[in-house]
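Reader: I'd like a close look at a single part of this model, with the cut-offs spelled out as you go. Could you walk me through it?

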Amino acid sequence: MSIDAIDITKDFDGFVALKSVSLSVNRGELLALLGPSGSGKTTLLRIIAGLEWPDAGDIRIEGKSVLRVDARERGIGFVFQHYALFRHMTVFDNVAFGLSVRKRRERPSEADIAKRVHELLELVQIERLVRRYPSELSGGQRQRVALARALAIEPIVLLLDEPFGALDAKVRKELRRWLRRLNEQTGMTSIFVTHDQEEAMEIADRIVVMSHGRIEQIGKPSEIYENPANPFVCEFLGNANRIPLAWTDGKMSHPAIDLDAITVKPKLVGAEHVFVRPHDIDLVKDAAGAGTVRFLSIVGPIARVDVEVTAGEKPIEVEMPAHRLQRAGLEVGAPVKLAALKGHIY
Amino acid sequence: MNRDPLSVRIVLIALAFLIMAALIGLPLVTVFAQALAKGWDEYFLSLSDRVTLSAIKLTLITALISVSVNLVFGVIAAWAIAKYEFKGKSFLLTLIDLPFSVSPVIAGLVFVLLFGLQGWFGPALQGTGLKIIFALPGIVLATMFVTFPFVARELIPLMQEQGTEDEEAAVSLGASGFQTFWRVTLPNIKWGLLYGVLLCNARAMGEFGAVSVVSGHIRGKTNTMPLHVEILYNEYNFTAAFAVASLLALLAFVTLTAQSLLEWKKAHA
C-alpha cells in the first residue's frame, strides 16, 4: 500500500516534534526514517500507525485519509522499540493475540489460529519456543516474537520503531537481512525508524533523513551518501572532515591540504567550509608536508589515521586500505602531505 | 560483607526480636488468652450472640461495599494518573493521599457536617427519608474515605513503570478498549491490585475512628466489630470483647500471610 504524509505538524506542549513534514512511500517499499534522537522520526511513525494524532496535516493510505480511522482499525502492524510483548502470555498467545481479539464473525477457528501461529513462528525461526514466556527469551528471540505478532494480523503496512537497536551486533545483522528478505518476499510496504546510518544504508530502498522535526533529504542510500543535500546530512551519514577555507580570487585553499581536485560552482565561492569524507583524502609521507600523524589504527582491512594540520584544532581523519598504509611505512609523528580528492561545499 | 563483630550482630538481632515480641507479640497473645480464658464453649457462645453476629455482618457488608468501590475508583484514578498527562495531576495525587494525613475522626466529622440533621444536606435528606448518618451509608462513606488511597497508591507506581506500550501494542493488533483492559492491563497489574485490595480490606474492617463518629453506636444496628469490642469492654464483658477482638486479630494474620505470599508472587511474576 502506498502511504502519503501531507504537511504533518505535531507539537508536544511547546516542543515541536514535526514541522510540516510531507512524505510519499511507494507500494512495497522498504523505507528508513533516519535521524538523531529528537528528530521526530518516531513521532511520524506513531502518527502513521494512529497511536498519535497530528495537529495539522493528513495521512493517506492508498490515497484515502485515515486520520478518522482508529489505530485498531487501520490494520497496520507495529513493532515497538522495546517489543512490548505481553509478559503474562506465552509466545503462542502473544502471536495469536491479534487474531483472537477479532469479532466472532471474523475470527478464525482455534485450529486455524494455531496453524497460522505455527507458520509465523516458522517464518521467524523460533517455532521451538512456542510455550515459553517473554521473560525466558533473549533479546533477538523477543524481537522475532514481536515481528510474528505484528505479522499475524496480515497488516497492510509494517512499521518498526528502532527494531534492532537493543540487540547485539551479530543478531542485529542477521535480523536486518531477514527483514530485507521479508520485504522482498511479501512485497509489504515497510517503514522502519533508526538512528544507525549503517543499518539504513544496508537494507533500505530509500532513506528519509530527519532532524529537528524536518526532513533534510530523501533518496536512495547511494544518492544520499554521494550527494548529501546539506552539512547535516553529510556529517550524519558517515564521517566527514569539516575543513575551513581561505579564498583568493575565487580560488579556495587551505594551508596544509591540497584542494585542487575539488571544483566549485561559482555561486558557492566564498563558502566557509568544505566537507571531505575520510576516504576521499589522499595521504603521502613527505618530509615537507604540513601535517603530522597523531594516531594510527589498523584493525581489519581499513586503516584510520588522524593527522594534525593546525596545532590545537581537531585532527583530520583519513581512511585508507590497510595494506597501503603498511606499504607507506607511516608511524605516529611522521610528517605527511594531504590532498582532498572530493568534497562537498554548501 | 558486614564487618560488625558477631556479638554486636547477635545483640542487635535479639533486641529487634525482643522489641517486636514485647510490642506486638505479647498483646496478640493476650487477646487470644483472654478470649479463651473461660474455655472454647464460652468463646463460641459469646461470638454467637445476636448483637455480636450483627456487628460481624455489618463489618463484612461495609468492607465488601467500600473495598469494591475503592477497587474501581482506585483503578480509574491510577490509570488516569499513570497513563495520561494533564494539568492538576499533582493536585489529584495530593487529594488521593489526603485520607492518610487526616485524622479519621475528622473524616467522620466531615460526613456528619455534610449529612447530619444540622448539616448542609441534612434538611434535604430529611424530606426523602434517606438516612446517611447513624446508618449504613454513613459508615460505608466514612470507611471508603479512610481506605481510598490503598488501591490507587499501590497501582500508580506499578502502572507508571509499565508505561503504555503494551496497551498500544494491543490496540494496534485490533483489540477494543475493553479487550485491552481485560486481557493486557489487568493481568499486568493483578498482583499489585490484589495487594492493594488486601490492605484496603484490612483497614476497612478495622477502622474505628471515622466509623465511630458517624455510627451512633446503636446496638445490633450500627455497630461494627471494632465499635462492638469497645462497648463490650466498657461493660466489663472481657471474654466477649476479646473474642470479637480475636477475630480482628485473626484477620490481621490472614492479611499478613496473604501479603507475604503476594510479595513473593510479585517478585517472581
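Author: Here's a walk along one strand, β3(A), followed by a sheet in that chain and the contact between the chains.

Some housekeeping: this is a predicted model, where local features need pLDDT of at least 70 and side-chain atom pairs count only at pLDDT 80 or more, while totals for chains, interfaces and linings use all residues. Residues are numbered from 1 along each chain as its sequence is written, chains are lettered from A and ligands numbered from 1 in the order in which they are written, and side-chain values use heavy atoms, with hydrogens and water left out.

Strand β3 of chain A covers residues 30-34 (strands are DSSP E runs of at least two residues, helices H or I runs of at least four, numbered from the N terminus). It's mostly covered: 5 of its 5 residues are buried, meaning under 20% relative accessible area with a 1.4 Å probe, protein chains only. L30(A), A32(A) and L34(A) point one way, L31(A) and L33(A) the other. In a regular strand, side chains alternate between the two faces of the sheet.

As for partners, β3(A) runs parallel to β8(A), residues 189-194, with 5 bridges joining them (two strands pair if DSSP finds at least two bridges). L34(A) sits opposite T194(A) there. β3(A) also pairs in the parallel sense with β9(A), residues 206-211, over 4 bridges, and L31(A) has R206(A) as its bridge partner in that strand.

Elsewhere in chain A, 4 strands make an open antiparallel sheet, ordered β2-β1-β4-β5. β2 (15-25) and β5 (64-65) stand at the edges with a single partner strand each, so one side of each has no neighbour in the sheet. β4(A), residues 56-61, is joined to β5(A) by 2 bridges, and I61(A) is partnered with K64(A).

Now the other chain: 17 residues of chain B are in contact with 22 of chain A (heavy atoms within 4.5 Å). Together they bury about 1800 Å², 56% of it on carbon and sulfur atoms; that's accessible area (1.4 Å probe) lost on being put together, summed over both. There are 2 salt bridges between the chains, a salt bridge being a Lys or Arg side-chain nitrogen within 4 Å of an Asp or Glu carboxyl oxygen. One of them joins R87(A) and D166(B) at 3.1 Å, N to O. On chain B's side, α9 (165-172) and α10 (177-206) are the elements giving two or more residues, and α9(B) gives the most, with 7.

Terms used: Buried area = accessible area lost by both parts, 1.4 Å probe. Buried < 20%, exposed > 50% of the residue type's maximum accessible area, 1.4 Å probe, protein only.
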